[in-house]
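Q: I am new to this structure and would like to learn how to read it. Could we go through some features one at a time?

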Amino acid sequence: MPQSRNIYYLERYNIFLSLALALVANLQLLDLLLLKIGFAIDRFGLIKSIMFLLPALSYQLAMPWIRRKHELSLCVYAYSIRIALPCLLPFLALLVDDKTILAAATMAVLGIGATLAALANNTLSVIYRRALPERNFNRLLTRMMFLFNLPALLITLPAAGVLSWCNQLPTGIFLSIFGLLEIASALFEIPAVRALRRVRLEETSQPEAAAIRRRDLLRPWFEPEYRNLLVWVGLRGMVSGLWSVYFVVYLYEARHWSTFSVLLTGTVLGIAGLGTALGAGRLADRINYPAAFLWLSLLWVAGGIAAGLALDTGWGMALALLLIWDGTGSLPGMATVILEAAAAARLAAVEKTACYIAGFNLVSMLSRALGVLAADPILRSLSTPEQPYDFIGFFRISLLATLLLPLWAWRWRRAANECRLVE
């Protein structure tokens, strides 16, 4: 009975947290905000990279401080601050005229918020590991992720309609309305906190509080199965980092899509991606993680081919939207990220779950940061006086990086099959 109540309250928590994060964590809205503020397009990668680089550099230092008795409180406070910080950005843009100062302030807000989100996500993964039954772990975790993403659509689409209507207004009025909408959605964090505080976790026989040491953070690299997962996550992070910087910007700038069109597309893809993620979770329960990742990687490659070689055709644009989008919001992208989170928790040793997930988060964030940082110089190297932003050329280079995903997934799957034959 306590376990079923925990599942119920965790589901409520994910629903309200989804509503609270609907606008402040939306990457398409972040692109729109950066364009409205007036930052140079070929600096977007630098600005966005802080969302992954700062957590990657600082999170490991905080790991020994995490204690099991603080899990629920850490999750509550970290997510609350992470949700509140981005609400400041539109108002900072109204108060600060100097672009250098504004860029530094923007990077500070994004970096601190992302670091707190990483801390909260790690803690939440530990909570899931202890609260969800092993037998249906992947199915229940993907259901949690489904609830974490789907309710946000109730806020995103109406907000997109309002912002599209306001798009022709003066920039100052637009930014004020943008900030007020973010604050309104952030208030859903209050019922989310109430739900999480009702979760009851049993104490383990080996408290992790006294056992966490810095050398334990290297432990995941010495276990072959988890090391394979970390290499996969590193490659996928760099690939999704490359795709995440400019594809939506291309739609805004080159194709002149409206805010509502971009967010409507993201909404439809989000619903479809969540369905794909649920199927991927069931698939992993039946077969294994490397086989599931292999199938997903082939979808990534198909999307890369469409974006790099056929974006001027109807079918090419449709495939690129479905299979690439912003790197992690596409059908295979969302399924891959959710399945990676399930694998990171399930493959971790129970007594050292936090350390394993910390290593997973470090690789995920650092590789994503490297991919995002590489985007700006690649785009600048392709620029010409006639075509200052060669988005198509950039997508072709991203396609070459995407080919690494099926290669590693196939190698991992072969190694896993050989291990089973030996056993």
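Q: Is His256 buried or exposed?
A: The model is a predicted one. Exposure is read from the relative accessible area, and a residue counts as exposed when that value is over 50%. His256 has a relative accessible area of 63%, so His256 is exposed. The residue lies in the loop between H11 and H12. Its phi is near 60°, a positive value in a residue other than glycine.

Q: Where does Trp325 lie, and is Trp325 buried or exposed?
A: Trp325 also has a positive phi, about 50°, although it is not a glycine. It lies in the loop between helix H14 (314-323) and helix H15 (331-346). Its relative accessible area is 1%, and buried means under 20%, so Trp325 is buried.

Q: How many helices and how many strands are in the protein chain?
A: The protein chain has 18 helices and 0 strands. It has 423 residues, of which 56% count as buried. The chain exposes about 17700 Å², with carbon and sulfur atoms supplying 66% of that area. Among contacts with a separation of 6 or more, 85% are between residues 24 or more positions apart.

Q: What is the mean pLDDT of the protein chain?
A: Confidence comes before detail: where pLDDT is low, the predicted coordinates should not be read in detail. The mean pLDDT of the protein chain is 84, and 88% of the residues reach 70 or more. Among the elements, helix H12 (residues 259-286) has the lowest mean, 76, and H17 the highest, 94. Over residues 205-210 the pLDDT is below 50, and this stretch has 10 contacts in the model beyond near neighbours in sequence.

Q: Which residues touch the most other members of the largest nonpolar core?
A: In soluble globular proteins, nonpolar side chains tend to be buried together. Here the largest nonpolar core has 131 residues, and Tyr13, Tyr246, Phe247 and Phe395 touch the most other members. H11 supplies the largest share of this core, 17 residues.

Q: What does Tyr246 touch?
A: Leaving out residues up to four places away in sequence, Tyr246 touches ten listed partners, including Ile41, Phe44, Leu379, Phe391, Phe394 and Phe395. Asp42 and Asp376 are also among them. Tyr246 is buried, with a relative accessible area of 0%.

Q: How many aromatic pairs are there?
A: Two rings count as a pair if their centres lie within 6.5 Å, and planes over 60 degrees apart make the pair edge-to-face. The count comes to 15 aromatic pairs. One of them is Tyr246 with Phe394, an edge-to-face pair at 5.2 Å centre to centre with 85° between the planes.

Q: Why does the pair of Tyr246 and Phe394 tie together parts that are apart in sequence?
A: Tyr246 lies in helix H11 (residues 224-253) and Phe394 in helix H17 (residues 391-402), so the pair ties together parts that are 148 residues apart in sequence. Phe394 counts as buried, at 1% relative accessibility. Phe394 and Phe395 form an edge-to-face pair as well, at 6.1 Å centre to centre and 70° between the planes. Both of these residues are buried. Ring pairs link Trp243, Tyr246, Phe247, Tyr250, Tyr389, Phe391, Phe394 and Phe395 into a cluster.

Q: Which ring has the charged end of Arg197 over it?
A: The charged end of Arg197 sits over the ring of Tyr77, 5.9 Å from its centre. Lys36 lies over the face of Phe174, at 4.8 Å from the ring centre.

Technical notes: Residues numbered from 1 in each chain as written. Predicted model: local features only at pLDDT ≥ 70, side-chain atom pairs only at ≥ 80, totals over all residues. Heavy atoms only, no water. Phe/Tyr/Trp six-rings, centres within 6.5 Å; stacked < 30°, edge-to-face > 60°. Helix = DSSP H or I, 4+ residues; strand = E, 2+ residues; numbered from the N terminus. Buried < 20%, exposed > 50% of the residue type's maximum accessible area, 1.4 Å probe, protein only. Lys NZ or Arg CZ within 6 Å of the ring centre and 35° of its normal. Core = buried A, V, L, I, M, F, W, Y, C linked by side-chain atoms within 4.5 Å. Contact = heavy atoms within 4.5 Å. pLDDT = per-residue confidence, 0-100. Areas by Shrake-Rupley, 256 points an atom, 1.4 Å probe, with all protein chains shown as cover.
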